[in-house]
Amino acid sequence: MSDKAKLKIKDKEIELDLIVGSENELGIDISALRANSNVITLDPGYKNTGSCQSSITFLDGEKGILRYRGYSIEELAEKADFLEVAFLLIYGELPNKKQLDKLLSDINENSLIDEDIKKILENFPKSAHPMGILSSLTSALIAFDPLAVDVNSEDDMYDAFVNILAKIPILVAWVYRRRRGLPLDYGDYSLGYVENITKMMFQLPNSEYVQNDTLVNAINKLLILHGDHEQNCSTSTVRIVGSSHAGLFASISAGISALWGRLHGGANQAVLEMLEAIENDGGDTKKYMAKAKDKSDPFRLMGFGHRVYKNFDPRAKIIKVAADKVLDELGIDDPILEIAKGLEKEALEDQYFVDRKLYPNVDFYSGIIYKALKIPNEMFTVMFALGRLPGWIAHWREMRKNKEPIGRPRQIYTGENLRNFTNIESR
Ligand code: ACO
């Protein structure tokens, strides 16, 4: 097979290199196209554009495959601990016991936050959305530790990663606890990463904390499933912000904001609100299916469809099974799980959804688990951010280590041609 692609622009033929990925994915290298032809490619939403070469996550949307550093998501979700997966995503290999112990102990050593951050938190309205607060507080952390990361030093980068892996869970716990009017605490050094997160969130001041293994296991699984998803909206945001050599915290803060949107991570909250609305409206799933298909109605079936998965989202399959298990173990009989299953069944048999290859995505069932764990709706996307943190870090590191150029797309200008300025009196 030729390793070149040919492009004919008017009468000129241009040869372009073909880039072959390790799973035989093909990309046409157009980086020199404009220099050779004065032509750019146009691809709103980057539906067909590769922004980088990356060795972190492989996904095949047609076959429903997702792998972190070569390991299948099914195996990781079944066997791994979230912190192991974080190390794997960032450094490319699973940690040995010594590396993992060191990572946990380094995280614990860094898990103090300047108490002044509490003052900032207290000044947000209690009703403010937790994602906005988390993004702001992540940004605010820079002011308390303004030293830039030397990206040529692995030690320096490691310290920065440990710092952010240590501090974000505390911010998450504080945001959650403040909403509930609970005292803001720090973690417990004797616990694992996920165990510590759950304790920081759920311990009460008037009773002894008893770990709930169902809750810890479910959160561990959900965090792993959210760990990375190659060049999605928030990760691309982290890479592009970082490409201007903005710091790690600033880049992650931008990623949190990108994740917040309802078409991205914010969908998990939107799904649960949709399911609750359907339940309150009498549980008529057919009515909402019709709304989703009606082009004059802005309603979309939240938790359905994906930019890349056109077969099924493998994370949704795992989460669906986990949702059944968690509700069963906790003895919860939630009617919205039945509504979700009913909607899924109808959608999978409906020509509109079949034609457009719309399947449940990762967010369709995750909210049901979070609800069963008594995590409020507005916190769902925050939990997603906690899981996505190692992925963002891994991409930020890869982008800086590869010395990627500043992200700066071009455009096709469609505005006015040159015209003369008219004085205000004459307008
Ligand atoms: N309900 C109804 N119709 C839908 C849905 C949906 N959830 N998703 C896509 N469609 C339709 C579109 O109207 C469009 O129809 P048309 O071809 O007749 O115009 C077609 O399917 C293609 O949709 P696009 O929006 O062009 O697909 P895109 O790849 O740009 O969007 C997205 C993907 C944003 C995920 C979309 O499917 C969506 O809005 N889903 C609901 C929100 C959601 O669940 N987001 C979470 C995604 S997973 C994540 O980010 C973690």
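**Reading the labels in a predicted model**

Biologist: Why is Lys4 called partly exposed?

Modeller: In this predicted model, Lys4 has a relative accessible area of 36%, and because buried requires under 20% and exposed over 50%, the value falls in between and Lys4 counts as partly exposed. Asp17, likewise with a relative accessible area of 36%, is partly exposed.

Biologist: What makes the contact of Asp17 and Lys4 a salt bridge?

Modeller: The side chains of Asp17 and Lys4 meet with N and O 2.4 Å apart, and as the rule asks for a Lys or Arg side-chain nitrogen within 4 Å of an Asp or Glu carboxyl oxygen, the pair qualifies as a salt bridge. Asp17 lies in strand β2 (residues 12–20) and Lys4 in strand β1 (residues 4–9), so the pair ties together parts that are 13 residues apart in sequence. By this rule, the count of salt bridges comes to 27.

Biologist: How do you know that Lys79 is exposed, and what class does Glu75 fall into?

Modeller: Lys79 has 60% relative accessibility and so counts as exposed, given that the label needs over 50%, whereas Glu75, with a relative accessible area of 39%, is partly exposed. The closest N and O atoms of Glu75 and Lys79 are 2.7 Å apart, in a salt bridge, and the two residues, four apart in helix α2 (residues 73–79), are separated by about one helical turn.

Biologist: Why is helix α3 described as largely enclosed?

Modeller: Eight of the 10 residues of helix α3 (residues 82–91) are buried, so the helix is largely enclosed by the rest of the structure; among the buried ones are Phe82, Leu83, Phe87 and Ile90.

Biologist: What makes Asp81 a cap for the N-terminal end of α3?

Modeller: A side-chain oxygen of Asp81 lies 3.1 Å from the backbone nitrogen of Leu83, and because a polar contact requires a distance within 3.5 Å, this pair meets the cut-off and Asp81 caps that end. Just after α3, Gly92 takes a positive phi of about 90°.

Biologist: How do you know that Arg300 makes a polar contact with the ligand?

Modeller: A polar side-chain atom of Arg300 lies 2.7 Å from an oxygen atom of the ligand, and with the limit for N or O pairs set within 3.5 Å, that distance satisfies the rule; a backbone N or O atom of Gly303 is 2.8 Å from a ligand oxygen, and an N or O atom in the Tyr352 side chain is 2.9 Å from a ligand nitrogen. The protein covers 78% of the 920 Å² of accessible area that the ligand has on its own.

Conventions. Residues numbered from 1 in each chain as written. Predicted model: local features only at pLDDT ≥ 70, side-chain atom pairs only at ≥ 80, totals over all residues. Heavy atoms only, no water. Polar contact = N/O pair within 3.5 Å; in protein donor to acceptor, adjacent residues only side chain to side chain. Areas by Shrake-Rupley, 256 points an atom, 1.4 Å probe, with all protein chains shown as cover. Buried < 20%, exposed > 50% of the residue type's maximum accessible area, 1.4 Å probe, protein only.
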